[in-house]
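Student: I should like to learn how individual features of a protein model are read. Could we work through some of them together?

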Amino acid sequence: MSQEPLLLIGAGGHTKSCIEVIEAENRYKIVGLIGSDSEKGKDILGYKVIGSDNDLNELRTITKNILITIGQIKTFEPRKRIFLSMKELGFHLVSVVSPFARVARTVEIGAGTVVFHNVVLNSDVKIGENCIINTGAILEHDVTIGNHSHVSTGCLLNGGVSVGDCSFIGSGTVVKENLTIGSQVIVGMSSKVLKNISDAVVFV
């Protein structure tokens, strides 16, 4: 199967994790990374930083396939801003799913979302655009995740849980079934969520 060319936006630690998934999936050929001006020429796992934001119009002639590989812990804003900017520029935001994830046939995954190794997505899970579903997370049946959200490593979201837009669920968190976590929420690492959480709340 021929691989489609792909640009990555980011040149940090999360980019390394994304490269691992992209290589395992074997659907895209990474043709370069986009970083800051000071990162140009830097090598990340064998891939060069070939440009910065200032070069996007030129780089678009190489391919319109692009993936945001910047991490999201303290704030969702950089990933959301870049995602909307890339759509406006006419790039195609691809989604990437690890071949080592277990994905039920009825799962829906939005553009620009990355599903990492050993994730389990059970029946009728719906994931929005530009999300990170990180290594080892388990999303049980009928879980919904809004746009620009990050479910971190090793989380367990039981059946029917709903997470809004632009939220972060810290590593190892367990969420009771049928609860709602609002938008722009931060849930700290290893939390046990036993009741609904309103919008814009930090829960630790």
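**Reading strands, a helix and a surface patch**

Tutor: Let us begin with one pair of strands: strand 14 (residues 138-139) and strand 17 (residues 156-157) pair in the parallel sense, over 2 bridges. Please bear in mind that this is a predicted model.

Student: What do strands of a sheet pair through?

Tutor: Strands of a sheet pair through backbone hydrogen bonds, and the pairing is either parallel or antiparallel. In the present case, isoleucine 138 stands opposite leucine 156 of strand 17.

Student: In which order do the strands of the open sheet lie?

Tutor: The open sheet has 6 strands in the order 8-11-14-17-20-23, and their pairing is parallel. Strand 8 (102-103) and strand 23 (192-193) are the edge strands, since each pairs on one side only.

Student: How is the span of helix 1 to be judged?

Tutor: One compares an expected span with the separation of the end C-alpha atoms. Helix 1 (residues 13-25) has 13 residues, which at 1.5 Å a residue should span 18 Å; the end C-alpha atoms are 19 Å apart, which agrees.

Student: Which residues of helix 1 are buried?

Tutor: A residue is called buried when its relative accessible area is under 20%. In helix 1 this applies to His14, Thr15, Cys18, Ile19, Val21, Ile22 and Glu25. These residues lie on the same side of helix 1, because they cover an arc of only 170 degrees around the axis.

Student: What follows just after helix 1?

Tutor: Asparagine 26 comes just after helix 1, and it takes a positive phi of about 65 degrees.

Student: Is valine 114 buried or exposed?

Tutor: Valine 114, found in strand 10 (residues 114-115), has a relative accessible area of 2% and is therefore buried. Its C-alpha atom is separated by 11 Å from that of glycine 128, 14 residues apart along the chain.

Student: Where does valine 94 lie?

Tutor: Valine 94 is in the loop between strand 6 (92-93) and strand 7 (96-97). Its relative accessibility is 2%, so valine 94 counts as buried. Between the C-alpha atoms of valine 94 and glycine 110, 16 residues apart along the chain, the separation is 8.8 Å.

Student: Which residues make the nonpolar surface patch?

Tutor: Val31, Ile50 and Ile62 make this patch, of about 200 Å². Valine 31 belongs to strand 2 (residues 28-34), and it counts as partly exposed because its relative accessibility is 30%.

Technical notes. Residues are numbered from 1 along each chain as its sequence is written. This is a predicted model: local features need pLDDT of at least 70, side-chain atom pairs count only at pLDDT 80 or more; totals for chains, interfaces and linings use all residues. Side-chain values use heavy atoms; hydrogens and water are left out. Patches are made of residues with over 30% relative accessible area and no salt bridge: like charges are joined within 9 Å, nonpolar side chains (Val, Leu, Ile, Met, Phe, Trp, Tyr) within 5 Å. Accessible areas come from the Shrake-Rupley method with a 1.4 Å probe; for residues, only the protein chains shown count as cover. A salt bridge is a side-chain nitrogen of Lys or Arg within 4 Å of a carboxyl oxygen of Asp or Glu. Helices (H or I, at least four residues) and strands (E, at least two) are DSSP runs, numbered from the N terminus. Buried means under 20% relative accessible area, exposed over 50%, partly exposed in between (1.4 Å probe, protein chains only). The expected span of a helix is 1.5 Å times one less than its number of residues. The arc is that of the directions from the helix axis to the C-beta atoms. Two strands pair if DSSP finds at least two bridges between them.
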